[in-house]
Amino acid sequence: MEKNSRRTFNTMLAKGIGATALAAHLPLSCAMGNNQKKKKLGIALVGLGSYSTYQLAPALQDTRHCYLAGIVTGTAAKEKIWANRYNIPQENIYNYENFDTIADNDAIDVVYVVLPNSMHAEFSVRAAEAGKHVICEKPMAMNVAECDAIIDACNKAGVKLGMGYRLHSEPYTQEVKRFVREKTFGDVLYVSADAAYRSTGNPNQWRLNRKLSGGGALMNMGVYAIQSAIYSTGENPVSVTAQEFSTRPAYFKDTDETITAQFEFASGAVANMMTSHNVRANRLYASCVNGWFELDPASTYIPLAGRTSRGELDFPQESQQKLQMDDFASHVLYGTPKLAPGEMGKRDMIIVEAIYKSIAEGGKKQQMNFEPKYGFGG
């Protein structure tokens with residue numbers, strides 16, 4: 001039944017290839033026509049763990065351009081709980097086996113993949129093949145090859161792909177990017193980026209299982225440190241050197257505990273990053289020719305805080321997930337800028353792989369040369 005549904009969808013897609021190619025270049029509101037214009041996009045959350053439960057689903061109750069339309073879960077008991085809590089109709093509830101039939105559901109426009117890292121590529125590709133726009137939680141995948149598979153599937157299907165990089169939508173991070181873009185404090189010379197927390201709970205959690213996570217702190221919190229080093233300089237790195245440390249090997253038996261890395265940029269700027277599952281750290285600091293700026297905390301949900309050599313930063317504290325999902329929905333509906341494209345997720349995975357390679361080679365410097373399409377998100 002699942003194969004027939006997917007075959008039916010693919011046949012319909014092939015017959016309408018000309019219209020699809022044209023519509024892919026238009027905002028959804030234009031492609032659908034005035035009579036069928038959607039004011040809000042329906043989002044289905046795939047994976048109902050703590051992030052979906054406590055952050056994404058509540059945020060979707062306040063979004064302007066999208067709403068919680070459906071769920072995909074492998075736990076039958078959660079179906080009734082979520083259906084009652086969010087008034088989700090039975091026809092919008094899926095499991096991992098019948099997921100592909102989501103292609104036939106016009107109420108769902110976007111699939112948000114919120115699963116362990118090892119499942120990101122599979123369900124992002126399946127969502128694209130079902131004709132749904134895709135938001136993929138970080139890190140994008142287990143490796144660069146899987147990132148390519150996701151990007152290729154979305155391009156082939158003519159659907160939009162965005163990363164679950166919430167910080168690009170919140171005002172403190174946007175202000176940092178403005179400082180860099182406008183050279184408010186002159187050229188950036190040095191950046192320090194730390195993103196870490198201390199894990200003391202369940203040693204059997206999926207984040208500490210390499211087969212499910214692909215790595216440890218670097219694949220989790222390290223993505224935030226990599227990101228902040230890049231948008232605080234306005235450049236992609238040209239090289240990286242990295243080191244790994246472990247002080248609790250009995251707990252971190254399968255994944256990295258603490259990693260430090262040093263980036264070099266074409267402008268001459270340098271950055272140090274640290275990520276860990278064994279210490280608490282959440283700070284971004286940049287020293288510039290004519291001053292400095294800092295976020296501390298820099299990557300928590302809320303509240304964030306910031307200051308500069310000219311004074312404190314003070315912005316409204318809102319759900320970053322709400323802002324992020326609204327930004328993506330607005331991009332689909334109205335063609336507004338996509339703040340966190342799939343290419344950005346691939347770029348970060350290229351850097352992750354370079355860091356692991358540097359560590360494996362005893363701290364040897366790894367050279368990188370990014371194509372222009374891998375923008376820094378300014």
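These questions and answers concern a sheet and its helices in a predicted model.

Reader: What makes strands E4 and E5 a pair?
Author: Two strands pair if at least two bridges lie between them. Strand E4 (residues 110-113) and strand E5 (residues 133-136) are joined by 4 bridges, so they pair under that definition. They run parallel, and Val111 stands opposite Val134 in E5.

Reader: Why are E3 and E6 placed at the edges of the sheet?
Author: The 6 strands form an open sheet in the order E3-E2-E1-E4-E5-E6, with parallel pairing. Strand E3 (93-94) and strand E6 (161-163) each have a single partner strand, so one side of each is left without a neighbour in the sheet.

Reader: Which strands does helix H6 touch, and how does its direction stand to that of E5?
Author: Helix H6 (residues 120-129) packs on the sheet and touches E1, E4 and E5. The direction of H6 makes about 165 degrees with that of E5. Angles over 145 degrees count as roughly antiparallel, so H6 and E5 are roughly antiparallel.

Reader: Why is H4 called oblique to H11?
Author: The axes of helix H4 (residues 50-59) and helix H11 (residues 320-334) come within 8 Å and cross at roughly 60 degrees. Roughly parallel needs an angle under 35 degrees, and roughly perpendicular begins at 65. The crossing angle fits neither class, which makes H4 oblique to H11. The crossing is right-handed.

Reader: Which residues make that contact, and of what kinds are they?
Author: H4 contributes Tyr51, Gln55, Leu56 and Ala59, and H11 contributes Gln321, Lys322, Gln324 and Met325. They divide into 4 nonpolar, 3 polar and 1 charged.

Technical notes:
Residues numbered from 1 in each chain as written. Predicted model: local features only at pLDDT ≥ 70, side-chain atom pairs only at ≥ 80, totals over all residues. Heavy atoms only, no water. Helix = DSSP H or I, 4+ residues; strand = E, 2+ residues; numbered from the N terminus. Contact = heavy atoms within 4.5 Å. Axes fitted to C-alpha atoms, helices over the stretch in contact; angles between N-to-C directions. Parallel < 35°, antiparallel > 145°, perpendicular 65-115°, else oblique. Left-handed = near helix turned anticlockwise from the far one by under 90°. Nonpolar A, V, L, I, M, F, W, Y, C, P; charged D, E, K, R; others polar.
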